[in-house]
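Biologist: I'd like to go through this model with you and ask how each label is earned. Can we start with the ground rules?

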Amino acid sequence: MSTPRLVVHRDKELMAQAAAARLITKIVDAQAARGSASVVLTGGRNGNGLLAALGSAPARDAIDWSRLDLWWGDERFLPEGDPERNVTQAREALLDGVPLDPARVHAMPASDGPHGSDVDAAAAAYAAELAAAAGLDGHGGVPAFDVLMLGVGPDTHVASLFPELPAVRETERTVVGVRGAPKPPPTRISLTLPAIRAAREVWLLAAGEDKAEAAAVALSGAGEVQAPAAGARGRSRTLWLLDAAAASELPRSLYPPSSA
């Protein structure tokens with residue numbers, strides 16, 4: 001796994017714009033090299049802020065949207081169309097405004113879908129979809145994602161992997177149902193750390209003073225069970241994209257020598 005690299009921006013708006021520009025470049029490069037690109041989206045204010053910034057970026061038209069696969073790192077197990085679902089928010093922020101191939105938008109199952117309220121069956125179905133798409137380039141039963149993005153919670157959770165809960169300890173499955181999450185709603189679906197680590201690049205997004213302690217803990221040697229963000233690493237690159245407020249408690253030894 002790669003060693004985390006930090007990029008600190010002045011504020012959350014600049015962070016979102018810079019991350020969007022970085023993502024456009026990564027998608028275009030992947031499409032040029034391999035014909036298509038595969039990205040895992042994250043929800044929350046930072047993930048949705050990035051998508052909104054991407055939508056307003058002039059360079060967004062450089063992306064061939066029909067050759068982009070979109071996946072999700074986690075999802076709130078709620079009915080289809082619920083405004084709290086990550087996919088609903090992503091559609092509003094960006095997806096409904098770009099010419100994606102619907103067959104390549106891989107939303108996690110909803111609680112009123114074919115698996116009903118059985119979150120474990122829904123998680124297994126998403127794992128099977130990932131495995132079917134993995135192909136020869138896949139790793140550990142998931143596609144070789146070009147970029148996997150994660151928001152970092154104030155408690156250091158990423159996706160729906162919360163400190164000390166069973167999901168963060170999972171070593172075999174790629175997708176799990178989560179019950180009893182400390183953040184509502186309590187029932188969720190999440191990629192596991194093994195699935196996250198299959199990505200070529202993992203980007204962790206954190207902005208705001210409420211993320212400062214989490215960033216400092218995760219980047220200062222904490223264990224992944226106690227601080228799940230510490231265990232989120234990409235195969236070739238792990239990138240922490242922070243604003244100055246989220247970086248304010250980092251030890252000076254970790255602070256990048258130059259920041260945008």
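Modeller: Sure, one definition to begin: a salt bridge is a side-chain nitrogen of Lys or Arg within 4 Å of a carboxyl oxygen of Asp or Glu. Also, this is a predicted model, where local features need pLDDT of at least 70 and side-chain atom pairs count only at pLDDT 80 or more, while totals for chains, interfaces and linings use all residues. Residues are numbered from 1 along each chain as its sequence is written, and side-chain values use heavy atoms, with hydrogens and water left out.

Biologist: How do you know that aspartate 243 has no salt bridge?

Modeller: The nearest side chain of opposite charge, arginine 45, is 7.2 Å away. A salt bridge has to be within 4 Å, so this pair doesn't qualify. For charges, Lys and Arg count as positive and Asp and Glu as negative; His and the chain ends are not counted.

Biologist: Then what does the side chain of aspartate 243 reach?

Modeller: Two backbone nitrogens: that of glycine 208 at 3.0 Å and that of alanine 246 at 2.9 Å. A polar contact is a pair of N or O atoms within 3.5 Å; within protein, one must be able to donate a hydrogen and the other to accept it, and residues adjacent in sequence count only if both atoms are side-chain atoms. Both distances fit that limit, so both pairs are polar contacts.

Biologist: Why is leucine 41 called buried?

Modeller: Its relative accessibility is 3%. Buried means under 20% relative accessible area, exposed over 50%, partly exposed in between (1.4 Å probe, protein chains only), so leucine 41 counts as buried. You'll find leucine 41 in strand β2, residues 37–41; strands (E, at least two residues) and helices (H or I, at least four) are DSSP runs, numbered from the N terminus.

Biologist: And histidine 106, buried or exposed?

Modeller: Buried, because its relative accessible area is 9%. Histidine 106 sits in the loop between α3 (86–93) and α4 (119–134). Its side chain makes a polar contact of 3.0 Å with that of aspartate 69.

Biologist: What makes a set of residues a nonpolar core?

Modeller: They must be buried Ala, Val, Leu, Ile, Met, Phe, Trp, Tyr and Cys residues joined through side-chain atoms within 4.5 Å. Here the largest such core has 88 residues, and those with the most contacts inside it are Trp72, Leu191, Trp240 and Leu242. Helix α1 (residues 12–34) gives the most to this core, with 8 residues.
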